[in-house]
Amino acid sequence: MRPSISDQAAAVCFLIEMGHPQGTIYASTALETIEWDGKDWIGVALFGGVDGLDESAKVEVREVTFSLSATDATLRAGLAQSVKGYQATVRHVLLDSRNRVVDEPEVIDIIELDEQDYLVNADGSSTLTITGYSAIVDLRKSPDTYYTPEMQRTRYADDTGLDRIPALVDRQVSWQPAAP
């Protein structure tokens, strides 16, 4: 039986699907491992966190930070690999009192991973911090949206307007009226 949203003990957490050189990492901000979508999402609430997932009406690229503390040497070795250029998908999810997913998780952000800082503490524990930027608002122009005369003719066979663009590229245009 599927859990109900009306369960009084429902909790909220994030599911984080992060690209990594050794394979995708599935983590959650819950206290224990959650099963969803055929995968085990490791609960890292006591050892990790996510900052910068604020909602805003502004169209801006936001910085998001993932952090994880570890004491296991094998885990530390895996964490030291660079994830720059990989993506992380963050989902918002409701859990019932048995840590089962109540409803379909909602994607709230896709993060382009960038810098990471790896610190080994004196006691042998380590802290990994990964900074990324929201990829949902991508302010770069997609290469497939550049228009060429050939692309224009596939849509409008008789249109030759874009054929004139190369002649205008380096042309100096004066907005002042010509002197009589």
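Which residue's side chain meets that of Lys 39 in a salt bridge? Asp 37 does, with N and O 3.3 Å apart. Keep that pair in mind while we walk through the rest of this predicted model.

## The overall picture

The protein chain has 180 residues, and 28% of them count as buried. Its secondary structure comes to 3 helices and 9 strands. Reading from the N terminus, the order is β-β-β-β-β-β-α-β-β-β-α-α.

Turning to contacts, take those in the protein chain with a separation of 6 or more: 53% of them are between residues 24 or more positions apart. As for the surface, the chain exposes about 12,500 Å², with carbon and sulfur atoms supplying 52% of that area.

## Strands 1, 7 and 8

Strand 7 is a good place to start, as it has a partner in strand 1 and another in strand 8. With strand 1 it runs antiparallel, and 8 bridges join the two. The pairing of strand 7 with strand 8 is antiparallel as well, over 6 bridges.

Two residue pairs help you find your way around here. Glu 17 stands opposite Thr 89 of strand 7. On the strand 8 side, Val 90 has Asp 109 as its bridge partner. In general, side chains in a regular strand alternate between the two faces of the sheet.

## Salt bridges

The count of salt bridges comes to 4. One of them joins Arg 91 and Glu 17, whose closest N and O atoms are 2.9 Å apart. This pair links distant parts of the chain: Arg 91 belongs to strand 7 (residues 87–95) and Glu 17 to strand 1 (residues 11–18), 74 residues apart. Arg 91 is buried because its relative accessible area is 14%, under the 20% cut-off. Glu 17, at 23%, falls between the 20% and 50% limits, so it is partly exposed.

Asp 114 and Lys 84 make another salt bridge, 3.4 Å from N to O. Here too, distant parts of the chain are linked: Asp 114 sits in strand 8 (residues 106–120), while Lys 84 is in the loop between helix 1 (73–79) and strand 7, 30 residues apart. Lys 84 has a relative accessible area of 55%, which is over 50%, so it counts as exposed.

## Back to Asp 37 and Lys 39

Now for the opening pair. Asp 37 is found in the loop between strand 3 (34–36) and strand 4. Its backbone deserves a look: phi is positive, at about 60°, although Asp 37 is not a glycine. For context, most residues other than glycine have a negative phi.

Its salt-bridge partner, Lys 39, has a relative accessibility of 26% and therefore counts as partly exposed.

## Asn 99 and its contacts

Asn 99 has a positive phi too, near 60°, and again the residue is not a glycine. It lies in the loop between strand 7 and strand 8.

What does Asn 99 touch, leaving out residues up to four places away in sequence? The answer is Glu 32 and Ile 34. With Glu 32, there is also a polar contact between the side chains, at 3.3 Å.

## A nonpolar patch on the surface

Which residues form the nonpolar patch on the surface? Leu 31, Leu 46 and Phe 47 do, and together they have about 380 Å² of accessible area.

Leu 46 is in the loop between strand 4 (39–43) and strand 5 (48–51). Why is Leu 46 classed as exposed? Its relative accessible area is 66%, and the class starts over 50%, so Leu 46 qualifies.

## Val 120 in strand 8

Val 120 is in strand 8. At 48% relative accessible area, Val 120 does not pass the 50% limit, so it is partly exposed.

Setting aside residues up to four places away in sequence, Val 120 touches Ser 125 and Ser 126. For a reference point elsewhere in the chain, try Ser 69: its C-alpha atom is 9.6 Å from that of Val 120, and the two residues are 51 apart along the chain.

Technical notes: Residues numbered from 1 in each chain as written. Predicted model: local features only at pLDDT ≥ 70, side-chain atom pairs only at ≥ 80, totals over all residues. Heavy atoms only, no water. Patch = residues over 30% accessible without salt bridge, like charges linked within 9 Å, V, L, I, M, F, W, Y side chains within 5 Å. Areas by Shrake-Rupley, 256 points an atom, 1.4 Å probe, with all protein chains shown as cover. Helix = DSSP H or I, 4+ residues; strand = E, 2+ residues; numbered from the N terminus. Buried < 20%, exposed > 50% of the residue type's maximum accessible area, 1.4 Å probe, protein only. Polar contact = N/O pair within 3.5 Å; in protein donor to acceptor, adjacent residues only side chain to side chain. Contact = heavy atoms within 4.5 Å. Pairing = 2+ DSSP bridges.
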